[in-house]
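Trainee: I would like to go through the cavities and the aromatic contacts here. Please give me the reasoning behind each label.

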Amino acid sequence: IALFSKLSKQQKIDIERFTELSYSIYRQVVKPVLNQERTISKNKILIIPDGSLWNLNFDLLLSSDEQSVIDNSWPFLIKDYAINYQYATALSFEEQSEKDFTQGAMLAFSYGDTEEVAGEQISFETMRSEFVELPGSRKEIRAVADIIDGDYYYGEFASEEKFKQIAKDYQIIHLAVHGNTNNENPEYSKLDFYNKSDSVEDGKLHAFELYNMKLNADLAVLSACNTGSGKVVNGEGVLSLGRAFAYAGVNSLLLTRWEVSDAFTPKIMKVFYQELMKGKRKSDALRIAKLEFLLNADNITSKPLYWSSFYIIGDDSPILLHDKKAFNWWVIFAGIVFVSAIFLMILKLNRTKD
């Protein structure tokens, strides 16, 4: 599993070894379960990993060992099933309590302050674990803003201080920032926000800080590097940034297993939210986004490095938006209609009297 995981995120893949390992793991781990049809519901697989299985990307398991190039013809498991992960069996049967979102549906932060870098396109190799400008993150939240109404912050406005002030009031949290994992001391894994010189915060949101926060979100999308990877502890699972968000109260998370490309992540996120707003389950929405990306990929970008890092863990139910801003507009509109109707009735009565 460790070798397979290492191969999965390489730009130059040993095709023969990758195929051998992927199909071997599929036959030993997945195929025996799939043969029991009663365990499969609507082309969805729920996985509750243990031990080294936390490091296994089930998307990339191959249902046959036919030799091929890394392209759309590979029989990846994700082509047949939407895959959802969970921290523990008991959590799969818990009913989520109704939450109150005082601000609205979406809160999004972008590390990038611009959508261009000196007129050049974003490099394939620009990853969201490096301290560089992230123009893709700015494009990403712009695309999301066209799909879901919400509050969007970028550049100097996307500070850690601002996040801590308002994050608890939103249904969906989307963070397109830098991510850094500390496998030796997981509590020091962090997300890097814009660091304002006059802020009381240092611009680094550590996992240990999240353990002391209260979040209400139905979904947090941590669109940064390695947000779902970390130290695997027996009985605890993987201690990651995502786990810290879950501890803070987030029902479900979209996380990453390795570094993500700033150039291609916006494309996957755009389709993910489009499908989510159609009422799809989170794992279905992500599956469709990945498959659409693969459909338009070339021999380079079809490699797992560029599309397969993302996974859903936690509650997989569709998102029902509680957009209080939209609700307030409907209340105002209804009030105007009501007042207009009363005015017209009074006017009509006066004319009748005349």
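Mentor: Start with the cavities. This is a predicted model, and the count comes to two cavities of 30 Å³ or more. About 60 Å³ of space lies in the largest cavity.

Trainee: Which helix or strand gives the largest share of its lining?

Mentor: α8 does, with four residues. β2 (82–85) and β13 (310–314) each supply at least two residues, as does α8 (282–295).

Trainee: How many of the lining residues are nonpolar, polar or charged?

Mentor: Seven are nonpolar, one is polar and three are charged. The lining includes D59, R287 and K290. Asp, Arg and Lys count as charged, so these three fall in that class.

Trainee: Y85 is also among the lining residues. What sits over the ring of Y85?

Mentor: The charged end of R257, 4.9 Å from the ring centre. The distance limit is 6 Å, so 4.9 Å passes. R138 sits over the ring of Y154 in the same sense, at 3.4 Å from its centre.

Trainee: Now the rings. How many aromatic pairs are there?

Mentor: A search of the whole structure finds 17.

Trainee: Why is the pair of W74 and F76 called tilted?

Mentor: The centres are 5.6 Å apart, within the 6.5 Å limit. The planes meet at 40°, neither under 30 nor over 60 degrees, so the pair is tilted.

Trainee: And what makes F272 and Y273 edge-to-face?

Mentor: Their planes are 70° apart, which is over 60 degrees, so the label holds. The centres lie 5.2 Å apart.

Trainee: Why is W74 called buried?

Mentor: Its relative accessible area is 1%, and buried means under 20%. F76 is also at 1%, so F76 counts as buried too.

Technical notes: Residues are numbered from 1 along each chain as its sequence is written. This is a predicted model: local features need pLDDT of at least 70, side-chain atom pairs count only at pLDDT 80 or more; totals for chains, interfaces and linings use all residues. Side-chain values use heavy atoms; hydrogens and water are left out. Rings of Phe, Tyr and Trp (its six-membered ring) pair if their centres lie within 6.5 Å; planes under 30 degrees apart count as stacked, over 60 as edge-to-face and the rest as tilted. Buried means under 20% relative accessible area, exposed over 50%, partly exposed in between (1.4 Å probe, protein chains only). A charge sits over a ring if NZ of Lys or CZ of Arg is within 6 Å of the ring centre and within 35 degrees of the ring normal. On a 1 Å grid over the protein atoms alone, a cavity is a set of points where a 1.4 Å probe fits but cannot get out, and a pocket is an open set with protein on both sides within 12 Å along at least five of seven lines; lining residues have an atom within 4 Å of a point. Grid points are joined across faces, edges and corners, and a volume is the space filled by probe spheres set on the points.
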